[in-house]
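Reader: Got a minute to walk me through this one? I'd like to talk sheet first, then pockets.

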Amino acid sequence: MPEGVIFLDDEDVIRYCNPAAERIRRVHADKIVGRLIYTIHPAKAHPRLRELLASLKSGIVAASNRVVKVQQRYFENTYSAVCDAEGEYLGTLLISRDITEKKRLSEEN
């Protein structure tokens with residue numbers, strides 16, 4: 001699967017990181033699994049990330065999409081709330097796609 005997949009538990013701890021996420025984010029799963037999501041984001045992004053995660057946990061939003069630029073590369077990140085059958089929040093699914101080439105082609109056109 002080309003998309004990076006990271007799963008956060010209900011306390012924002014990274015519980016899963018697939019090989020594509022390792023490649024896209026240039027991290028090793030064994031270095032981030034078990035750590036808070038904030039450890040893979042710059043400090044200036046923490047307030048916005050906290051607000052987003054709070055909105056997902058409370059049910060205000062079910063998902064959020066945004067494009068970020070990191071070291072001359074562009075990523076489309078989708079954060080989605082994962083809930084059980086009763087609607088109880090279980091965690092957050094983060095899907096990352098490297099869209100650098102797509103963005104370059106779009107600008108070229």
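Author: Sure. One term up front: two strands pair if DSSP finds at least two bridges between them. And keep in mind that this is a predicted model.

Reader: Fine. How many bridges join β1 to β2?

Author: Three bridges join them. β1 covers residues 4-9, and the two strands run antiparallel.

Reader: Which residue in β2 does Leu-8 stand opposite?

Author: Ile-14.

Reader: And what's the strand order in the sheet?

Author: β2-β1-β5-β4-β3. It is an open sheet of five strands, with antiparallel pairing.

Reader: Which are the edge strands?

Author: β2, residues 14-17, and β3. Each of them pairs on one side only.

Reader: What does the twist average?

Author: It averages 20° from one strand to the next.

Reader: Which strands does α3 touch?

Author: α3 packs on the sheet and touches β1, β3, β4 and β5, the last being residues 89-98. The direction of α3 makes about 30° with that of β4.

Reader: Okay, pockets. What volume does the largest pocket have?

Author: About 410 Å³.

Reader: Which residues are closest to its centre?

Author: Arg-25, Ile-40, His-41, Pro-42 and Val-70. The lining has 18 residues.

Reader: Which elements supply at least two residues of that lining?

Author: α1 (19-25), β3 (63-70) and β4 (73-83).

Reader: Which one gives the most?

Author: β3, with four residues. Recall that β3 is also an edge strand of the sheet.

Reader: How do the lining residues divide into nonpolar, polar and charged?

Author: Eight are nonpolar, four polar and six charged.

Reader: Next pocket. How much space lies in the second largest one?

Author: About 150 Å³.

Reader: What lines it?

Author: Arg-48, Leu-49, Glu-51, Leu-52, Ser-55, Val-61, Ser-64, Arg-66 and Tyr-79.

Reader: Where do those come from, by element?

Author: α3, residues 46-58, and β3 each supply at least two. α3 gives the most, with five residues. That is the helix that packs on the sheet.

Reader: How many nonpolar, polar and charged residues are in that lining?

Author: Four nonpolar, two polar and three charged.

Reader: So what should I remember about β3?

Author: Three things. β3 is an edge strand. β3 gives the most to the lining of the largest pocket. And β3 supplies at least two residues to the lining of the second largest pocket.

How values were computed
Residues are numbered from 1 along each chain as its sequence is written. This is a predicted model: local features need pLDDT of at least 70, side-chain atom pairs count only at pLDDT 80 or more; totals for chains, interfaces and linings use all residues. Side-chain values use heavy atoms; hydrogens and water are left out. On a 1 Å grid over the protein atoms alone, a cavity is a set of points where a 1.4 Å probe fits but cannot get out, and a pocket is an open set with protein on both sides within 12 Å along at least five of seven lines; lining residues have an atom within 4 Å of a point. Grid points are joined across faces, edges and corners, and a volume is the space filled by probe spheres set on the points. Ala, Val, Leu, Ile, Met, Phe, Trp, Tyr, Cys and Pro count as nonpolar, Asp, Glu, Lys and Arg as charged, and the others, Gly among them, as polar. Axes are lines fitted to C-alpha atoms, for helices over the stretch in contact, and angles run from 0 to 180 degrees between N-to-C directions. Contact means heavy atoms within 4.5 Å.
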